[in-house]
4 protein chains.
Amino acid sequence: MAAKAKIGVLGASGYTGSELVRLLVRHPHVEIALLTADRKAGQEMRDVFPQFSHLALPKLVSIESIDWSASGLDLVFGALPHATTQRVIKDLLAKAPKMKVVDLSADFRLADPKAYARWYGHDHLAPELQQEAVYGLVEIHRAKIKTARLVANPGCYTTTSQLPLIPLIGSKAIDLDEIVVDAKSGMTGAGRGAKENMLFSEVSEGFHAYGVGHHRHMAELDQEFSTAAGRDVIVTFTPHLVPMNRGILATIYVRGTNGKSPQDLHGVLASFYDKEPFVHVLPFGELPQTRHVRGSNMTYIGVANDRIKGRAIIGSALDNLVKGASGQAVQNMNLLLGFPETTALEQVALFP
Amino acid sequence: MAAKAKIGVLGASGYTGSELVRLLVRHPHVEIALLTADRKAGQEMRDVFPQFSHLALPKLVSIESIDWSASGLDLVFGALPHATTQRVIKDLLAKAPKMKVVDLSADFRLADPKAYARWYGHDHLAPELQQEAVYGLVEIHRAKIKTARLVANPGCYTTTSQLPLIPLIGSKAIDLDEIVVDAKSGMTGAGRGAKENMLFSEVSEGFHAYGVGHHRHMAELDQEFSTAAGRDVIVTFTPHLVPMNRGILATIYVRGTNGKSPQDLHGVLASFYDKEPFVHVLPFGELPQTRHVRGSNMTYIGVANDRIKGRAIIGSALDNLVKGASGQAVQNMNLLLGFPETTALEQVALFP
Amino acid sequence: MAAKAKIGVLGASGYTGSELVRLLVRHPHVEIALLTADRKAGQEMRDVFPQFSHLALPKLVSIESIDWSASGLDLVFGALPHATTQRVIKDLLAKAPKMKVVDLSADFRLADPKAYARWYGHDHLAPELQQEAVYGLVEIHRAKIKTARLVANPGCYTTTSQLPLIPLIGSKAIDLDEIVVDAKSGMTGAGRGAKENMLFSEVSEGFHAYGVGHHRHMAELDQEFSTAAGRDVIVTFTPHLVPMNRGILATIYVRGTNGKSPQDLHGVLASFYDKEPFVHVLPFGELPQTRHVRGSNMTYIGVANDRIKGRAIIGSALDNLVKGASGQAVQNMNLLLGFPETTALEQVALFP
Amino acid sequence: MAAKAKIGVLGASGYTGSELVRLLVRHPHVEIALLTADRKAGQEMRDVFPQFSHLALPKLVSIESIDWSASGLDLVFGALPHATTQRVIKDLLAKAPKMKVVDLSADFRLADPKAYARWYGHDHLAPELQQEAVYGLVEIHRAKIKTARLVANPGCYTTTSQLPLIPLIGSKAIDLDEIVVDAKSGMTGAGRGAKENMLFSEVSEGFHAYGVGHHRHMAELDQEFSTAAGRDVIVTFTPHLVPMNRGILATIYVRGTNGKSPQDLHGVLASFYDKEPFVHVLPFGELPQTRHVRGSNMTYIGVANDRIKGRAIIGSALDNLVKGASGQAVQNMNLLLGFPETTALEQVALFP
């Protein structure tokens with residue numbers, strides 16, 4: 001491979017931004033050419049993330065200071081807040097229409113302008129890009145991603161929920177009206193904004209549900225599950241906060257259709273993911289632990305018998321910052337730029 | 001009150017034992033007269049729990065060394081392992097038939113000898129005591145407890161699940177065939193035994209389900225739910241481990257019967273627990289956090305709308321070592337000995 | 001005791017404020033009559049600290065809304081930020097000169113106006129109160145506290161450091177020029193302000209020193225150590241942050257004077273604190289753990305041999321929110337109002 | 001590079017063993033050919049460490065089952081318990097004298113048979129190998145390591161302490177009689193043995209010192225510091241346990257000789273480590289955090305002014321399982337087998 005691809009990270013001072021940098025510095029075919037962070041512009045990456053102190057990285061700049069048409073970038077990762085994103089990406093693609101974009105915000109995940117307006121309370125600023133964007137859940141939409149310009153990287157809760165459920169819904173193996181997703185996430189999923197309820201003393205040594213009944217991730221689940229089913233599907237979904245940094249576990253309660261047993265459901269998933277490098281289905285009866293995928297791009301899925309006949313308990317675990325965000329984004333980048341899909345994503349979980 | 005009641009704690013070197021001591025040393029009407037710990041016999045309590053270093057407490061002795069008929073104890077707490085318990089309590093009550101016993105093990109919780117044999121794999125050693133024992137969930141069985149000799153203190157998961165569900169089941173407010181209990185517990189619920197999977201490095205920074213489909217607490221739930229319903233009730237129940245010391249949260253998914261809304265279910269619980277000192281129902285739509293009951297004898301219960309019409313999400317939180325074990329045991333003791341029910345249990349949660 | 005004393009807590013929405021409320025609700029001789037929280041005025045205490053949801057407490061009000069001369073309060077706790085405090089207390093005591101005040105801020109701890117100006121960068125707003133205030137380290141200054149009107153409650157790091165060192169300095173048992181205090185604190189010591197470096201994800205699973213060489217607590221140490229020694233004493237002091245909520249441990253390195261051995265130093269401390277209810281000296285060679293004083297008003301102190309002859313290693317542990325703040329403040333209140341010193345402070349540590 | 005080197009890991013069911021596997025699976029020039037775990041022999045690596053579930057690895061075997069002379073291994077890592085190690089390695093090198101060994105136990109770190117006998121209470125079983133072994137602190141002993149057969153990989157506490165202190169001692173920049181090392185470690189340093197005091201509930205939410213005055217790591221420090229100084233050097237050393245999985249921070253108190261300022265000491269270290277890939281000296285005045293080296297092979301060192309003139313505070317941070325154990329072991333392997341020293345060790349810290 002001759003020249004390295006030039007990559008930009010927009011929003012490098014947040015956790016998904018730093019995680020992108022962590023992964024990209026070990027990628028043999030790319031060069032980090034741009035790092036932005038509006039409020040930290042002018043600082044070094046090591047000032048906001050000291051774990052990079054011993055590395056040479058571009059200085060943080062503001063987005064406003066960039067001339068997109070002259071930037072020479074091959075691909076940009078968007079790790080910006082909701083709403084800011086659509087404004088920036090619209091401008092960027094107008095000025096540099098050949099650039100590729102993997103966006104980690106929620107801005108381009110909903111294809112339906114009405115659904116977007118209903119969940120977010122305002123019309124989308126770039127509806128034509130909303131139409132163009134490809135939903136970047138690789139294991140489900142790989143073919144479409146390869147030829148895309150703009151990929152909407154899925155959310156962490158939704159990736160955890162979709163990877164086990166989409167194959168089951170798509171194969172009509174489970175009852176669509178009785179799906180309960182009880183999800184538990186580590187704190188990094190909430191980002192780096194300084195809020196009282198995210199302080200160590202408010203989070204440590206405790207556990208709670210939040211956003212009950214109105215979490216925005218539900219819109220994304222509704223869209224993807226309904227597409228897979230060919231009809232409207234609404235699931236019960238409750239997110240909880242775990243006093244840990246990384247990891248999401250979804251415990252999912254389903255009923256098999258037409259006498260399908262939990263073993264049958266396990267069979268559907270095991271065969272669907274047989275060749276996938278980043279989804280591993282555990283032996284029947286074993287449920288996954290988040291710690292065993294920490295820092296890796298793996299998703300571990302398990303299926304077990306419920307004690308109520310005909311019902312199954314499914315566990316799905318991933319690292320919200322890797323397969324649930326930046327790792328999946330790099331996986332998307334590899335597809336967009338023609339690199340082997342697993343490049344820079346080979347790390348094994350850091351346990352303990 | 002003239003003389004103080006003389007109290008013994010069998011199994012004082014475990015967490016429920018030390019928690020009993022923590023509560024009892026602030027009880028104005030009792031005196032800790034006996035502490036046992038077979039493997040630690042001869043040691044001081046401060047040697048196994050240094051937080052008592054500045055207090056005068058009886059030295060730890062072995063159970064074998066006790067002459068029950070001459071002990072002069074008014075009440076004994078059993079905080080011994082399963083199976084050992086039934087042997088010891090049988091012997092104790094044979095020799096000192098007027099002594100009262102609050103047992104924290106699972107040995108006397110199941111009233112049905114067949115259910116016991118099925119779940120535990122052997123016949124009960126003291127079937128007549130099994131019949132005599134009163135199930136000590138105070139808010140549900142208060143009247144029977146007051147006149148009991150032997151109280152079987154409920155388990156922590158089951159207390160968390162029963163307090164919200166028994167009133168709903170008893171009033172036929174929810175569908176009995178569709179109850180899902182997704183429960184999450186801190187580590188102290190697993191006791192103080194030295195096992196690899198309980199090491200800090202195995203537990204910290206991770207989350208997982210365990211005992212899926214075959215957790216022994218289910219037998220206790222089956223019994224109490226079926227009694228309340230007047231028919232067999234089996235619920236889906238999945239326990240998880242949270243990297244924290246104390247606290248259990250149960251997230252419970254139910255469907256109202258006959259058009260009963262989540263608001264209606266909230267009303268049932270709010271009115272059922274209106275006068276109870278240790279169960280507090282939060283305003284509709286708010287779900288509890290374990291940290292807000294840590295170290296206290298309170299149970300906080302909340303009810304919220306599911307996004308699927310007709311279904312409700314219920315949260316129930318308590319401290320597994322207090323209301324889930326030793327606090328409820330002291331509450332039972334207060335009833336058995338005629339003290340005000342809240343004595344020594346007034347502490348507010350230690351948060352943060 | 002006829003009427004209960006009426007108590008106010010200024011700044012009830014912070015951690016020391018809520019901890020005062022936790023302790024005071026179990027005090028038989030006081031009534032919480034006033035709770036202030038400027039930015040949360042109008043809310044209930046349960047809105048900012050849900051652990052009080054089941055209790056009746058006064059609504060939060062703003063300080064500006066209070067008529068001090070008509071308040072009828074017997075004593076007020078100040079749990080306000082630095083600088084705000086001196087303004088508020090000056091006004092309060094001008095209008096209600098008979099009220100007693102226990103102030104938990106740093107504003108009245110330094111007796112020397114010049115030291116204050118040097119460390120805080122401005123002149124004190126109430127220099128006459130600065131002169132009047134009594135430094136509230138009970139075990140050292142008990143007699144003066146009893147007759148005071150305004151008590152400056154000591155800091156958490158400084159209480160941890162002074163309790164072992166003042167008796168040793170005062171008895172000339174250690175070399176004054178070679179004292180190293182390596183201190184480690186839980187996160188609640190940093191308060192409830194929403195700052196990025198206090199987020200769970202920034203604190204969990206890591207450890208670091210901070211404020212090296214310029215921590216403001218040093219001024220307080222300098223004052224008290226120099227007073228005890230009768231000459232200037234400056235110690236090396238490094239604070240660190242531990243990923244836990246509560247607790248401070250100081251590991252202190254000293255050299256005995258005139259051949260005094262670590263055993264001798266232990267003897268000095270054991271005899272000095274022999275009758276104290278809240279300071280316990282462990283057997284020689286044992287060092288304390290913060291978990292064994294969590295939630296209690298105890299300080300545990302231990303002394304052990306260093307491997308270098310003539311040098312000792314001293315450990316001192318307390319709960320920064322109790323003996324390091326609100327518990328000591330209640331202890332001061334008990335002295336000021338003539339209650340038994342230990343009232344409402346009898347709780348044993350919550351471990352595990 | 002034609003054929004890959006064949007590598008064995010003895011003791012793969014412990015934390016240093018699994019960490020070796022984690023690093024080696026990304027090493028392009030080696031093949032994991034042997035994994036032993038006596039009590040888990042016959043199991044798959046995924047049974048004891050589920051994070052390897054998706055990888056193909058050799059089954060765990062017992063050491064007894066191996067024919068060393070026919071094993072074809074190029075290098076073996078010893079991650080066995082103390083004492084077992086010397087017996088196994090002696091046997092192994094007798095039968096396969098050309099094999100190279102990097103041993104992670106303490107068995108070969110002390111060169112002096114008398115020191116070994118004094119600290120461990122028995123004579124060494126392989127005194128000739130004790131003489132042959134090279135102490136594997138790469139940055140200090142790189143040249144000797146390259147030609148060694150048996151490398152004694154340093155301990156985690158001692159690596160953390162030596163990297164900042166050896167250059168200062170060697171250049172006579174600090175007073176040798178006044179060095180205090182206050183060290184804090186995460187729990188993985190204590191291994192995977194199931195002990196009560198390592199349970200989550202015993203470790204979480206607390207902090208304490210341990211092994212005061214008699215920690216075995218002191219022998220290793222004494223040897224290396226004395227060698228560097230050319231005279232006997234004994235330092236004060238206190239280890240503490242932090243409720244976190246990974247990381248060691250040493251806070252070190254020293255006095256500069258001959259008027260050397262903390263800035264001068266910083267200069268010594270900055271220049272000593274200028275070209276080193278795995279030791280990074282932070283700008284003067286900044287002290288490191290363990291979280292910024294978590295999972296990486298980096299050591300971060302900082303130097304700051306003490307408030308007492310002439311004294312400096314030094315911070316040194318590394319991941320005890322990487323640079324403090326398995327990462328350094330792989331670094332040693334790279335030297336022994338002629339690979340670039342940084343191969344498979346390029347990972348950036350996993351923060352948050």
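Two residues are in contact here when heavy atoms of theirs lie within 4.5 Å. Keep that cut-off in mind for the first stop, and remember along the way that this is a predicted model.

**Stop one: chains A and B**

Colour chains A and B separately and select the residues where they touch. You should find 47 residues from chain A and 47 residues from chain B in the contact. Together the two chains bury about 3900 Å², with carbon and sulfur atoms giving 53% of that area. Now show A:Glu205, A:Phe207 and A:Arg307 as sticks: these residues supply 22% of the area that chain A buries against chain B, more than any other three residues.

Stay on A:Arg307 and add B:Asp222. Their side chains meet in a salt bridge, 2.6 Å from N to O. The count of salt bridges between chain A and chain B is four. If you turn on polar contacts, 30 residue pairs across the interface of chain A and chain B qualify, both partners being at pLDDT 80 or more.

Switch to cartoon for the elements behind this surface. On the side of chain A that touches chain B, those giving two or more residues include β8 (180-185), α9 (217-229), β11 (248-255) and β14 (311-318) of chain A. Which element gives the largest share of that side? Select β8(A), which provides four residues.

**Stop two: chains B and C**

Next, hide chain A and bring up chain C beside chain B. Here the contact takes 34 residues from chain B and 34 residues from chain C. The area buried between chain B and chain C is about 3000 Å², and carbon and sulfur atoms account for 63% of it. Pick out B:Arg26, B:Val348 and B:Pro352, since no other three residues supply more of what chain B buries against chain C: their part is 25%.

For a salt bridge at this interface, select C:Arg26 and B:Glu346, whose side chains meet at 2.9 Å, N to O. Between chain B and chain C the count is two salt bridges. Polar contacts number 14 residue pairs, again with both at pLDDT 80 or more. Helix α1 (residues 15-24) of chain B is worth highlighting too, as the largest share of the side of chain B that touches chain C, four residues, comes from this helix.

**Stop three: the aromatic rings**

Show every chain again and display Phe, Tyr and Trp side chains. There are 24 aromatic pairs over all chains. Begin with A:Phe200 and C:Phe200, a stacked pair at 5.4 Å centre to centre with 10 degrees between the planes. A:Phe200 lies in helix α8 (residues 200-203) of chain A and C:Phe200 in helix α8 (residues 200-203) of chain C, so this pair joins two chains. Are these two residues buried or exposed? Both A:Phe200 and C:Phe200 are buried.

For another geometry, go to B:Tyr157 and B:Phe237. Their ring centres are 5.4 Å apart and their planes stand at 85 degrees, so this pair is edge-to-face. It links distant parts of the chain: B:Tyr157 is in helix α7 (residues 156-170) of chain B, B:Phe237 is in strand β10 (residues 236-241) of chain B, and 80 residues separate them. Both B:Tyr157 and B:Phe237 are buried.

**Last stop: around Phe49**

Finish by selecting A:Tyr15, A:Phe49 and D:Phe351, which form one aromatic cluster. Add A:Arg192, and you will see its charged end over the ring of A:Phe49, 4.0 Å from the ring centre. Then jump to chain B, where B:Arg192 lies over the face of B:Phe49, at 4.0 Å from the ring centre.

Definitions and conventions
Residues are numbered from 1 along each chain as its sequence is written. Chains are lettered from A and ligands numbered from 1 in the order in which they are written. This is a predicted model: local features need pLDDT of at least 70, side-chain atom pairs count only at pLDDT 80 or more; totals for chains, interfaces and linings use all residues. Side-chain values use heavy atoms; hydrogens and water are left out. Rings of Phe, Tyr and Trp (its six-membered ring) pair if their centres lie within 6.5 Å; planes under 30 degrees apart count as stacked, over 60 as edge-to-face and the rest as tilted. Buried means under 20% relative accessible area, exposed over 50%, partly exposed in between (1.4 Å probe, protein chains only). A charge sits over a ring if NZ of Lys or CZ of Arg is within 6 Å of the ring centre and within 35 degrees of the ring normal. Buried area is the accessible area (1.4 Å probe) that two parts lose on being put together, summed over both. A polar contact is a pair of N or O atoms within 3.5 Å; within protein, one must be able to donate a hydrogen and the other to accept it, and residues adjacent in sequence count only if both atoms are side-chain atoms.
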